[in-house]
Protein chains: 2
Amino acid sequence: MPVTRLTDAECDALLSECPAWQLRADGKAIERAFRFGDFNAAFGFMTRVALYADKADHHPEWSNVYNHVNITLTTHDADGLSQRDADMARAIESFL
Amino acid sequence: MPVTRLTDAECDALLSECPAWQLRADGKAIERAFRFGDFNAAFGFMTRVALYADKADHHPEWSNVYNHVNITLTTHDADGLSQRDADMARAIESFL
């Protein structure tokens with residue numbers, strides 16, 4: 001199934017709804033840095049995201065160092081942002 | 001409590017016991033790339049490492065993209081590798 005890229009208007013709407021996320025310089029991904037109280041809290045959050053990702057079959061690119069988590073969302077099949085990233089960003093916000 | 005750096009001989013022993021790990025160019029960390037069957041397997045592995053890390057109060061620097069996981073182990077308090085990294089590398093190998 002082909003994946004449609006978000007329009008510029010849809011991108012703008014997403015970023016205005018999720019203002020902590022930033023559009024990557026190439027416009028093909030959104031990124032956010034998170035900071036938690038400790039590793040346990042950071043990995044607890046990651047686990048919630050992972051369960052969502054596994055169910056949605058859409059996966060973040062992410063890294064973790066102690067209480068810091070960085071997440072990049074993009075859709076390779078769309079060579080940019082798709083509704084899957086928008087849904088995942090909103091889900092991630094709901095886990096905070 | 002001060003953390004002692006591994007001696008060169010201890011480093012050599014670790015790398016010879018865990019040959020899939022590589023010493024970082026600056027000699028202060030070891031790194032390994034892992035590849036799993038899918039995201040579920042990759043995150044299942046990460047969860048085992050996280051439970052170890054939380055218990056040991058020693059944490060990996062790591063990233064994940066779908067079925068790929070990259071782990072760097074270092075001990076900031078030692079400005080290099082310590083016994084904690086050696087123990088964690090051995091534990092991680094046991095989770096594979």
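This is a short conversation about how the two chains of a predicted model meet.

Visitor: Where do I start with two chains side by side? How many residues does each one bring to the contact?

Guide: Start by counting each side. Here chain A gives 16 residues and chain B gives 16 residues. The area buried between chain A and chain B is about 1400 Å², and carbon and sulfur atoms account for 67% of that.

Visitor: Which residues in chain A lose the most area to chain B?

Guide: Look for F39(A), F43(A) and W62(A). Together they make up 37% of what the chain A side buries.

Visitor: And which elements of chain A supply that side?

Guide: Helix α2 (39–56) and strand β3 (61–65) of chain A each supply at least two residues. The largest share, 8 residues, comes from α2(A). By type, the side of chain A that touches chain B has 9 nonpolar, 5 polar and 2 charged residues.

Visitor: How many salt bridges and polar contacts are there between the chains?

Guide: The count of salt bridges between chain A and chain B is 0. For polar contacts, there are 4 residue pairs between the two chains, counting those with both residues at pLDDT 80 or more.

Visitor: Now the strands. How do β3(A) and β3 of chain B pair?

Guide: They run in the antiparallel sense, with 5 bridges between them. Find S63(A) and you'll see it opposite S63(B) in β3(B).

Visitor: What is the order of strands in the sheet?

Guide: Read across it: β1(A)-β2(A)-β4(A)-β3(A)-β3(B)-β4(B)-β2(B)-β1(B), which makes 8 strands in an open sheet with antiparallel pairing. At the edges sit β1 (22–23) of chain A and β1 (22–23) of chain B, each pairing on one side only. Within chain A, β2 (residues 30–35) and β4 (residues 68–73) pair over 6 bridges; in that pairing, R32(A) has I71(A) in β4(A) as its bridge partner.

Visitor: How should I think about the way two copies are related?

Guide: The general idea is that two copies of a chain are related by a rotation about an axis and a shift along it. In this model, a turn of 180° and a shift of 0.0 Å along the axis lay chain A on chain B with an RMSD of 0.0 Å. The two copies are therefore related as by a two-fold rotation axis.

Visitor: Which residue of chain A comes closest to the rotation axis?

Guide: S63(A), whose C-alpha is at 2.0 Å.

Visitor: Why can we say that the copies meet through the same surface?

Guide: Because 100% of the interface residues of chain A are also interface residues in chain B.

Terms used:
Residues numbered from 1 in each chain as written. Chains lettered and ligands numbered in written order. Predicted model: local features only at pLDDT ≥ 70, side-chain atom pairs only at ≥ 80, totals over all residues. Heavy atoms only, no water. Contact = heavy atoms within 4.5 Å. Buried area = accessible area lost by both parts, 1.4 Å probe. Salt bridge = Lys/Arg side-chain N within 4 Å of Asp/Glu carboxyl O. Polar contact = N/O pair within 3.5 Å; in protein donor to acceptor, adjacent residues only side chain to side chain. Helix = DSSP H or I, 4+ residues; strand = E, 2+ residues; numbered from the N terminus. Nonpolar A, V, L, I, M, F, W, Y, C, P; charged D, E, K, R; others polar. Pairing = 2+ DSSP bridges. Least-squares fit on C-alpha atoms with pLDDT ≥ 70 in both.
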